[in-house]
Amino acid sequence: MPHIIIEHSANVADLTDMDALVAAVHQAALDDGLPALDALRTRAAPRDHYRIADGDPAYGFVYLTARIGPGREPETIQRFLNRLIDTVDEVLAPHQPDHPVAISAEVQLIDPTMRINRNHIRTHLARGDRT
């Protein structure tokens with residue numbers, strides 16, 4: 001795994017192509033090398049109801065959560081997290097002067113005793129099946 005969730009204020013989708021942002025974050029995670037291709041899942045979750053700071057409608061937020069399995073060195077996790085937040089920052093940079101976006105990122109470690117995983121994608125990729 002990881003699971004990467006890009007939670008964002010709805011107005012961020014007005015600033016940038018969210019499919020492109022998801023693709024950029026997904027690729028940054030792969031380029032980092034922490035996740036395996038068959039285990040990576042990246043998605044965006046818009047929030048329609050929000051209030052930021054003094055309520056200025058130009059303000060937006062992105063809160064990136066990366067849920068990963070345990071057993072990695074803190075330096076590895078920090079490098080991965082920096083790569084992800086830097087990618088979001090780069091994608092949104094052209095809009096920041098007029099539409100400031102607060103960007104946060106966090107890693108959450110998944111307790112393996114509280115998780116069940118059946119990854120049929122892994123089997124599919126191992127067979128070399130492509131559609």
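Me: Ground rule to start: two strands pair if DSSP finds at least two bridges between them. In what sense do E1 and E3 pair?
Reply: Antiparallel, over six bridges. Strands and helices here are DSSP runs numbered from the N terminus, with at least two residues for a strand (E) and at least four for a helix (H or I).

Me: And where does this model come from?
Reply: It's a predicted model, in which local features need pLDDT of at least 70 and side-chain atom pairs count only at pLDDT 80 or more, while totals for chains, interfaces and linings use all residues. Residues are numbered from 1 along each chain as its sequence is written, and side-chain values use heavy atoms, with hydrogens and water left out.

Me: How many helices and strands are there?
Reply: Four helices and four strands. Going from the N terminus, they come in the order β-α-α-β-β-α-β-α.

Me: What's the strand order in the sheet?
Reply: E2-E1-E3-E4, in an open sheet with mixed pairing. Strand E2 (41-47) and strand E4 (101-109) each have a single partner strand, so one side of each has no neighbour in the sheet. On average, neighbouring strands are turned by 15 degrees against each other, direction ignored. For angles in general, axes are lines fitted to C-alpha atoms (for helices, over the stretch in contact), and values run from 0 to 180 degrees between N-to-C directions.

Me: Which helix packs on E1, E2 and E3?
Reply: That's H2 (residues 18-32), whose direction makes about 145 degrees with that of E2. Contact here means heavy atoms within 4.5 Å. Helix H3 (residues 74-92) lies across E1, E3 and E4 and runs at about 155 degrees to E4.

Me: Back to pairing. How many bridges join E3 to E4?
Reply: Nine, and those two strands run parallel. Val62, for instance, has Ile103 in E4 as its bridge partner. E1 and E2 are parallel as well, joined by seven bridges.

Me: Which residues does His3 pair with in E2 and E3?
Reply: In E2 the bridge partner of His3 is Arg41, and in E3 His3 stands opposite Arg67.

Me: Is E1 mostly covered or uncovered?
Reply: Covered, mostly: six of its seven residues are buried. Buried means under 20% relative accessible area, exposed means over 50%, and partly exposed is in between (1.4 Å probe, protein chains only).

Me: Why is Arg41 called partly exposed, then?
Reply: Because its relative accessibility is 24%. Arg41 is in strand E2. Beyond its neighbours within four places in sequence, Arg41 contacts Pro2, His3, Ile4, His26, Asn117 and Asn119. Its C-alpha is 10.0 Å from that of Val22, 19 residues apart along the chain.

Me: What about Asp38, buried or exposed?
Reply: Buried, because its relative accessibility is 15%. Asp38 is in the loop between H2 and E2. Not counting residues up to four places away, Asp38 touches Asn119, Ile121, Arg122 and Leu125.

Me: And Asp14, buried or exposed?
Reply: Asp14 is exposed, with a relative accessible area of 68%. Asp14 is in helix H1 (residues 12-15). From C-alpha to C-alpha, Asp14 and Leu37 are 30 Å apart, at a sequence separation of 23 residues.

Me: Which helix holds His124?
Reply: H4, residues 120-127. His124 is partly exposed at 29% relative accessible area. The C-alpha atoms of His124 and Gln96 are 41 Å apart, with their positions 28 residues apart along the chain.

Me: Backbone now. What's phi of Ala53?
Reply: Near 50 degrees, which is positive in a residue other than glycine. Most residues other than glycine have a negative phi. Ala53 is in the loop between E2 and E3 and counts as exposed at 70% relative accessibility.

Me: Last bit, whole chain. What share of the 131 residues is buried?
Reply: 35%. The accessible surface is about 7800 Å², with 50% of that on carbon and sulfur atoms; the method is Shrake-Rupley with a 1.4 Å probe, and for residues only the protein chains shown count as cover. The C-alpha trace spans about 50 × 35 × 25 Å along its principal axes.

Me: How many positive and negative side chains?
Reply: 13 positive and 19 negative, with the centres of the two sets 13 Å apart. Lys and Arg are the positives, Asp and Glu the negatives, and His and the chain ends aren't counted. Each charge is placed at NZ of Lys, CZ of Arg, CG of Asp or CD of Glu.
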